[in-house]
Amino acid sequence: MSVKLYPIAERADVDAERFRSEVAAGYRPVVMRGLVAGWPAVGRARESAEALASYLAGFDNGRAVDAIRTPPSARGRIFYNDDMSGFNFTREKVSISAALDRMAKSARYEKPPALAVQSAPVADCLPGFAAQHPMPLLAEGVAPRVWLGNAVVTPAHFDESSNVACVVAGKRRFTLFPPEQVRNLYIGPIGFAPTGTPISLVDFSNPDFERFPRFREALEAAEVAEMAPGDAIYIPPLWWHHVQSLDRCNMLVNYWWKGDPRAPAQAGSALDVLLHSLINLRPLPREQRQAWRAILDHYVFSADDSTASHIPESRRGVLGAMSPEYVKSVKEFLAAQLKR
């Protein structure tokens, strides 16, 4: 891309309180340089890929984790196959040590296949690693996940959770877009995507502006950062992010949570609402869709303390505070409705 992109904002000396009150509360991405520079794994990665592999072997319990492999022709881009009937990669199960060994061997080739271990729970495959690599910003209940790979490109997608991602090895380039750029990113199928959530169909390395003309508008709103070992980034929920791993050995540890970082919530997926709306709202005439927009805006998107203040608390139902038992009963009602 030849377009000049805005840099992602940076903050220094962020502690847990500043993170909660200033960074996460701002709902904008923030780079935190050197946040985990003191992690032992970061030090080993700075020595060499081999030093990192040797260090991680001391934690590896041999448990197989999910990995994907793309052919050299994909140039590391995780994507669909040519006719979008499937994906351009194969899945396999490998241990962390085996993945690192394969990455080392593939580095001999000029155009190696891409290998990526994605979102493996650290507690499952590297027990003991988390205790030696504490995350200073979040509650202990926010579990770390590990990502390993060579030069892999993950297309722009979003997560429903807040995310702190820490670079351990290699350099990564993050390109982010605010949620309202969804129209200009040309998002692919919902429910059939290589990353789990929908992705942009635009190849950022060679954008086809004839096919995707509005992508130029998206680039005007894009923010970018290149990150080195020890750096971390906060990505707010629903912000689109394109991630490019730039070296032959890349490792990242990330943390997902919903709600307050001091007491993360165990919430369901709001994608359920989108799917339900596509079934029930999109087929309606335009006038009715507009009416439902007003109703949803009142009860959900613009809701505040006054929305139900005229109703006695004992009668507010879903408009008031809901106990876990009440939420369960509402879910059971919805499940019964969906079976009709």
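The points below concern a sheet, a helix with a buried side and a nonpolar surface patch in this predicted model.

1. On the sheet: eight strands make up an open sheet whose order is β2-β11-β8-β13-β6-β5-β3-β4, and the pairing between them is antiparallel. The edges are held by β2 (30-32) and β4 (90-94), and because each has a single partner strand, one side of each is left without a neighbour in the sheet. On average, and with direction ignored, neighbouring strands of this sheet are turned by 25° against each other.

2. On one pairing within that sheet: strand β8, which spans residues 162-169, is joined by four bridges to strand β11, which spans residues 232-235, and the two run antiparallel. As a point of register that can be checked in the model, V164 stands opposite Y234 in β11.

3. On helix α4: within residues 96-106, which form this helix, I96, A99, L100, M103 and S106 are buried. These residues cover an arc of only 125° around the axis, and they therefore lie on the same side of α4.

4. On the nonpolar patch: W292, I295, L296, Y299, V300, F301, V318, L319, M322 and Y326 together make a nonpolar surface patch of about 920 Å². Helix α9, covering residues 286-301, supplies the largest share of this patch, with six residues.

5. On Y299 as a member of that patch: this residue is placed in helix α9, and because its relative accessibility is 42%, which falls between the limits of 20% for buried and 50% for exposed, Y299 counts as partly exposed.

Methods
Residues are numbered from 1 along each chain as its sequence is written. This is a predicted model: local features need pLDDT of at least 70, side-chain atom pairs count only at pLDDT 80 or more; totals for chains, interfaces and linings use all residues. Side-chain values use heavy atoms; hydrogens and water are left out. Patches are made of residues with over 30% relative accessible area and no salt bridge: like charges are joined within 9 Å, nonpolar side chains (Val, Leu, Ile, Met, Phe, Trp, Tyr) within 5 Å. Accessible areas come from the Shrake-Rupley method with a 1.4 Å probe; for residues, only the protein chains shown count as cover. A salt bridge is a side-chain nitrogen of Lys or Arg within 4 Å of a carboxyl oxygen of Asp or Glu. Buried means under 20% relative accessible area, exposed over 50%, partly exposed in between (1.4 Å probe, protein chains only). Two strands pair if DSSP finds at least two bridges between them. Axes are lines fitted to C-alpha atoms, for helices over the stretch in contact, and angles run from 0 to 180 degrees between N-to-C directions. The arc is that of the directions from the helix axis to the C-beta atoms.
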